[in-house]
Amino acid sequence: MTNLNPISAWQRLLAQPNESRAKTIVVAFLLSAVCAVLVTAATVYLRPIQTQNRAAEEQLRLDRLLSSIPGMADIVADAGGNALTSVIVDLENGRAAEGLTTQALQGALDDPQNWTQLAPEQDTAGIGARPDIAQIFILRQDDRISLLILPILGSGYNGPIRAMLALRGDMNTIAGLTITDQSETPGLGARIEEAEWQSQFAGKKIADDKGTLRFSVARASANTEYEVDGITGATRTSNAITRMVRFWVGPKGYGPLIDAVRRGEF
């Protein structure tokens, strides 16, 4: 009669020679299972810490962005640091997302139902899917929005590029742009992190008088009020910046929100 006792089975397995095929397969399987459990546990345990670190890094980048915009740091300081407010917006209708707090945002973004798959002709930023909700930052003066800070995302040469785009109250003038995360080629595309390159964005226009999106990173030196200088040897990264800015100010990005601000409805 076969002995089904697991302890006895384990002892019989250990008693087999190390060259045994069955022993090798079982040990390899158990080792893989233990490693998978450890990696999963580490991921779950470290996720809140990673989220906090990412939020702290974004806040630092946001502070730097505000500091780079002429006069903005003084306005925020005069208001006691409370001038800038955070809002969760519904990208589909350009309104504030009801009943959703910043604390619950990450949980909502973890739900695939809160993402919209993009058709290839829509996906100019190369992101595949767009979140339906996003946390933005607003500066108001005299009941009108004077500055809108929008997180944006695009696909670069080596991986995702994340940035914050600041728009003036006319919703057509760029107040500044800061890169918050990128993995482009060091010395080439990674130069998008350089403050000198990012400083070119202030004052650039997004669209012409007819509403046609004109903003772009030029192949060489900028020649129009819609362009910033290209980065030598980093054409793909430059094009990625162009595409991601155009996508997020367009109808599948923050377009509905921008239209609502222009109408004075936000």
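Modeller: Helices (H or I, at least four residues) are DSSP runs, numbered from the N terminus. The structure discussed here is a predicted model.

Colleague: Which residue follows H7?

Modeller: Helix H7 spans residues 255-262. The residue that follows H7 has a positive phi, near 75°. This residue is glycine 264.

Colleague: Is H7 largely enclosed by the rest of the structure or largely open, and how many of its residues are buried?

Modeller: A residue counts as buried under 20% relative accessible area. Among the residues of H7 that meet this limit are Leu257, Ile258 and Val261. H7 is largely enclosed by the rest of the structure, because the number of its eight residues that are buried is six.

Colleague: Which elements do the buried residues of H7 pack against?

Modeller: The buried residues of H7 include Gly255, Pro256 and Ala260. Four strands and one helix pack against the buried residues of H7: S1 (84-90), S5 (133-141), S6 (144-155), S7 (160-168) and H6 (235-248).

Colleague: Which element gives the largest share of the largest nonpolar core?

Modeller: The largest nonpolar core has 45 residues, and Ile241 and Tyr254 have the most contacts inside it. The elements that give two or more residues to this core are S1, S5, S6, S7, S8 (174-181), H6 and H7. The largest share, six residues, comes from H6.

Colleague: Which residues does isoleucine 241 touch, not counting residues up to four places away in sequence?

Modeller: Isoleucine 241 is one of the residues with the most contacts inside the largest core. With residues up to four places away in sequence left out, isoleucine 241 touches Ile161, Ile179, Ile192, Trp197, Phe201, Phe215 and Val217.

Colleague: Which residues do ring pairs link into a cluster?

Modeller: The whole structure holds four aromatic pairs. In one of them, phenylalanine 201 and phenylalanine 215 are 5.7 Å apart centre to centre, with 35° between the planes. Both lie in the loop between H5 (195-198) and S9 (216-217), so the pair ties together parts that are 14 residues apart in sequence. The cluster linked by ring pairs consists of Trp197, Phe201 and Phe215.

Colleague: Is the pair of tryptophan 248 and tyrosine 254 stacked, edge-to-face or tilted?

Modeller: Both tryptophan 248 and tyrosine 254 are buried. Planes under 30 degrees apart count as stacked and over 60 as edge-to-face. The ring centres of tryptophan 248 and tyrosine 254 are 5.4 Å apart and the planes stand at 40°, so the pair is tilted.

Colleague: Which element gives the most to the nonpolar patch on the surface?

Modeller: Trp10, Leu14, Val26, Phe29 and Leu30 form this patch, with about 460 Å² of accessible area together. Helix H1 (6-15) and helix H2 (21-68) each give two or more residues to the patch. Phenylalanine 29 lies in H2 and is exposed, with a relative accessible area of 58%. With three residues, the element that gives the most is H2.

Colleague: Is methionine 171 buried or exposed?

Modeller: Methionine 171 is found in the loop between S7 and S8. Its phi is positive, about 65°, although the residue is not a glycine. Most residues other than glycine have a negative phi. Because its relative accessibility is 1%, methionine 171 counts as buried.

Colleague: Which residues are joined into one network by salt bridges that share partners?

Modeller: Glutamate 92 forms a salt bridge with arginine 130, the closest N and O atoms being 3.4 Å apart. Glutamate 92 lies in the loop between S1 and S2 (95-96) and arginine 130 in S4 (residues 129-131), so this pair ties together parts that are 38 residues apart in sequence. Arginine 130 also meets aspartate 132 in a salt bridge (2.8 Å, N to O). The network consists of Glu92, Arg130 and Asp132.

Colleague: Is glutamate 92 buried or exposed?

Modeller: Its partner arginine 130 is buried, with a relative accessible area of 1%, and aspartate 132 is buried as well. Exposed means over 50% relative accessible area. Because its relative accessibility is 51%, glutamate 92 counts as exposed.

Colleague: What distance separates the C-alpha atoms of aspartate 142 and leucine 257?

Modeller: Aspartate 142 is in the loop between S5 and S6 and, at 76% relative accessibility, counts as exposed. Leucine 257 is one of the buried residues of H7. These two residues are 115 residues apart along the chain, and their C-alpha atoms are separated by 19 Å.

Technical notes. Residues numbered from 1 in each chain as written. Predicted model: local features only at pLDDT ≥ 70, side-chain atom pairs only at ≥ 80, totals over all residues. Heavy atoms only, no water. Buried < 20%, exposed > 50% of the residue type's maximum accessible area, 1.4 Å probe, protein only. Contact = heavy atoms within 4.5 Å. Core = buried A, V, L, I, M, F, W, Y, C linked by side-chain atoms within 4.5 Å. Patch = residues over 30% accessible without salt bridge, like charges linked within 9 Å, V, L, I, M, F, W, Y side chains within 5 Å. Areas by Shrake-Rupley, 256 points an atom, 1.4 Å probe, with all protein chains shown as cover. Salt bridge = Lys/Arg side-chain N within 4 Å of Asp/Glu carboxyl O. Phe/Tyr/Trp six-rings, centres within 6.5 Å; stacked < 30°, edge-to-face > 60°.
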